[in-house]
Amino acid sequence: MRKTNERSERAAALRAGYRSELDQGLERFFEPRRTVCPWCTSDRLRRRLRSTDHLQQKPGTFVLDQCGNCGHVFQNPRLSAEGLEFYYRDCYDGLGQATMARLASSPLAKMLYRARARAVLPHGRPALWLDVGTGQGHFCATARRVHPYTEFHGLDQGEGVLSAEREGRITRAYRGSFTELSHRLAGRYDAVSMYHYLEHTPAPRSELAAAHRALRAGGHLLIEVPDPQSLSARLLGRWWGPWLQPQHLHLLPLANLCEALTEHGFTVVAVDRREPHVPTDLTSAAANLLKSVLPAEDLPWRPRRPGPLSRWFRRAVLLQTAPNLIVLFAVDLLLAPLIRRTRLSNAYRVIARRN
C-alpha cells in the first residue's frame with residue numbers, strides 16, 4: 001500500500017507537465033510519413049498493422065509498414081527525437097524504473113542472459129565487453145558469472161546505466177548515443193553486444209558502423225532482435241508483444257541484417273533462431289489485450305484520474321484474470337522447447353566477427 005501511495009504521489013507531481021505537453025497535440029512527435037523503404041528505398045510499401053501504446057498506455061496511434069521488396073518492417077510515420085523522448089520517459093527510468101528492474105532481475109530474464117553470455121564461448125572469452133543498450137546492467141551482472149575474467153562496460157541513453165556502475169553491475173558506464181561515442185571507443189573492445197537494441201534505433205546501419213569502430217580486429221558483435229518473419233507475429237497480430245509500439249522503430253528480417261553486416265566489414269559466424277526465443281508470446285498478448293479494455297491506472301499522461309468505481313472494477317477484473325495469466329505463462333514455458341524448433345520462434349541471434 002505504501003508503494004502504491006508513493007507512486008500516486010509521483011504521478012500527481014508529473015500530471016501538470018504531461019498535460020501541458022499533450023495540450024500542444026501529438027503531431028509534433030512524428031516525422032513526415034515515408035513513401036519509400038528506409039532499408040532498400042523501394043516504394044512497394046503496405047501497412048502491416050496499427051497499434052497503440054500497450055506498455056505505458058500513453059496516447060497515440062502508431063503504424064508499422066512493411067516493404068514488399070526486402071520485407072523490412074518499420075514505423076511510419078516515425079517518432080521524431082521529441083517524440084522518442086516523450087514516449088520513453090517514465091518507462092525505463094522514473095515511474096517505470098522499479099517495474100523494469102523487477103523484470104530484468106526475474107528468473108526468466110536471468111535464464112535468457114545466461115544463454116546470451118554462453119553463446120560467445122565458441123568464439124573465445126572476451127577481455128573487454130561493451131553492452132550497448134544495457135539499461136540497468138542486469139545482463140552484465142549475470143554474464144560475469146559465465147565470463148569471470150571479462151570486464152563489462154555498459155552504454156545507454158537513460159540514467160539507469162549510471163546506477164548500474166554505482167551498484168557494481170558494470171565497471172564503466174557511458175551515457176549517450178552509441179554512434180557519437182563510438183569514435184572515442186575505437187578499437188577497444190573484444191565483444192560488443194546489442195541485445196534487443198537495434199529495433200529501438202532510428203538508423204540501424206549507423207549502429208552497425210559504430211560497432212565496427214568500437215571493436216578491435218577479430219572482435220565479435222552479438223545481436224538479438226525480434227523476428228518480424230515469426231509466424232507468432234502473424235497469428236497474434238497487433239497484440240504480439242515484440243511489436244512494442246511506439247518504441248520499436250525497425251524490425252529487420254534475418255537476411256537483411258546479415259547482408260548489412262557483410263557490407264559493414266563483418267563476417268557472420270553464427271545464426272540462431274531457436275535459443276533466443278522469449279517464451280512470453282501468449283502471456284504478453286493476453287496482457288496487452290487486457291490493458292486495452294481495462295480502465296487506465298493512475299497515470300500522469302491520462303486525461304483524468306480514475307474514480308473509485310473504476311479503480312474497484314479494475315482490481316476486481318485483475319483478481320479474476322491473474323490466475324489465467326499465470327496459466328498462460330506456464331503454457332508459454334512448457335511449449336518453448338517445441339516453439340523454438342518452428343517458425344513460431346519470436347527472435348533470432350547473429351554473431352559476426354569484425355574483419
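A residue is called buried when its relative accessible area is under 20%, and exposed when that area is over 50%. This report uses these words for a predicted model, beginning with a strand in which the idea of burial is easy to follow.

**Strand β4 and its partner**

In strand β4, which covers residues 128-132, 5 of the 5 residues are buried, so this strand is largely enclosed by the rest of the structure. The burial holds for both faces of β4, since L128, L130 and V132 lie on one side, W129 and D131 lie on the other, and all of them are buried. Strand β4 runs parallel to strand β5, residues 151-156, and 5 bridges join the two. In this pairing, L128 of β4 stands opposite E151 of β5.

**An open sheet of antiparallel strands**

Elsewhere, 4 strands form an open sheet in the order β1-β2-β3-β9, and their pairing is antiparallel. The edges of this sheet are taken by β1 (45-51) and β9 (250-251), and each of these has a single partner strand, so one side of each is left without a neighbour in the sheet. Within the sheet, strand β2 (residues 62-67) and strand β3 (residues 73-75) run antiparallel and are joined by 3 bridges. Here D65 has F74, in β3, as its bridge partner.

**Two helices and what they pack against**

Helix α11 spans residues 281-293, and its 13 residues reach 19 Å from the first C-alpha to the last, which is close to the 18 Å expected at 1.5 Å a residue. Among the residues of α11, D281, T283, S284, A285, N288 and L290 are buried, and the buried residues of this helix pack against α9 (231-236) and α12 (308-339).

Helix α8 offers a view of a single residue, for L208 lies in it. Is L208 buried or exposed? With a relative accessible area of 1%, L208 falls under the 20% limit and therefore counts as buried. Leaving aside residues up to four places away in sequence, L208 touches L198, L221, I223, L257, A260, L261, H264 and F266. The C-alpha atoms of L208 and E263 are separated by 9.8 Å, although these two residues are 55 residues apart along the chain.

**Empty space in the model**

Rolling a probe the size of a water molecule over the atoms shows where empty space is left. Two such spaces are described here, one a pocket and the other a cavity.

The second largest pocket holds about 210 Å³ of space. Its lining is made of 16 residues, and those nearest the centre of the pocket are R34, P38, R78, P202 and H250. Both β3 and α8 (204-214) contribute at least two residues each to the lining of this pocket. Sorted by class, the lining of the second largest pocket has 8 nonpolar, 4 polar and 4 charged residues.

How many cavities of 30 Å³ or more are counted? The count comes to 1 cavity, and the largest cavity has a volume of about 30 Å³. The residues lining the largest cavity are D53, L55, Q56, Y87, L244, Q245, P246 and Q247, and by class they divide into 4 nonpolar, 3 polar and 1 charged.

**Backbone angles in the loops**

Most residues other than glycine have a negative phi, and most peptide bonds are trans. The table lists cases in this model that depart from these habits.

| Place | Feature | Angle |
|---|---|---|
| N76 to P77 | cis peptide bond | omega near 5 degrees |
| Q245 to P246 | cis peptide bond | omega about 10 degrees |
| T41 | positive phi, not a glycine | phi about 70 degrees |
| D90 | positive phi, not a glycine | phi near 65 degrees |

Each of these places can be found in a loop. P77 belongs to the loop between β3 and α2 (81-88), whereas P246 is found in the loop between α9 and β9. P246, with its cis bond to Q245, also appears in the lining of the largest cavity, as does Q245.

T41 sits in the loop between α1 (2-22) and β1, and D90 lies in the loop between α2 and α3 (97-104). Which of the words, buried or exposed, describes T41? T41 has a relative accessible area of 57%, which is over 50%, so it is exposed. D90, by contrast, counts as buried because its relative accessibility is 12%, a value under the 20% limit.

Definitions and conventions. Residues numbered from 1 in each chain as written. Predicted model: local features only at pLDDT ≥ 70, side-chain atom pairs only at ≥ 80, totals over all residues. Heavy atoms only, no water. Expected span 1.5 Å × (residues − 1). Buried < 20%, exposed > 50% of the residue type's maximum accessible area, 1.4 Å probe, protein only. Contact = heavy atoms within 4.5 Å. Pairing = 2+ DSSP bridges. 1 Å grid on protein atoms, 1.4 Å probe; cavity = no way out; pocket = protein on both sides within 12 Å on 5 of 7 lines; lining within 4 Å. Points joined across faces, edges and corners; volume = space filled by probe spheres on them. Nonpolar A, V, L, I, M, F, W, Y, C, P; charged D, E, K, R; others polar.
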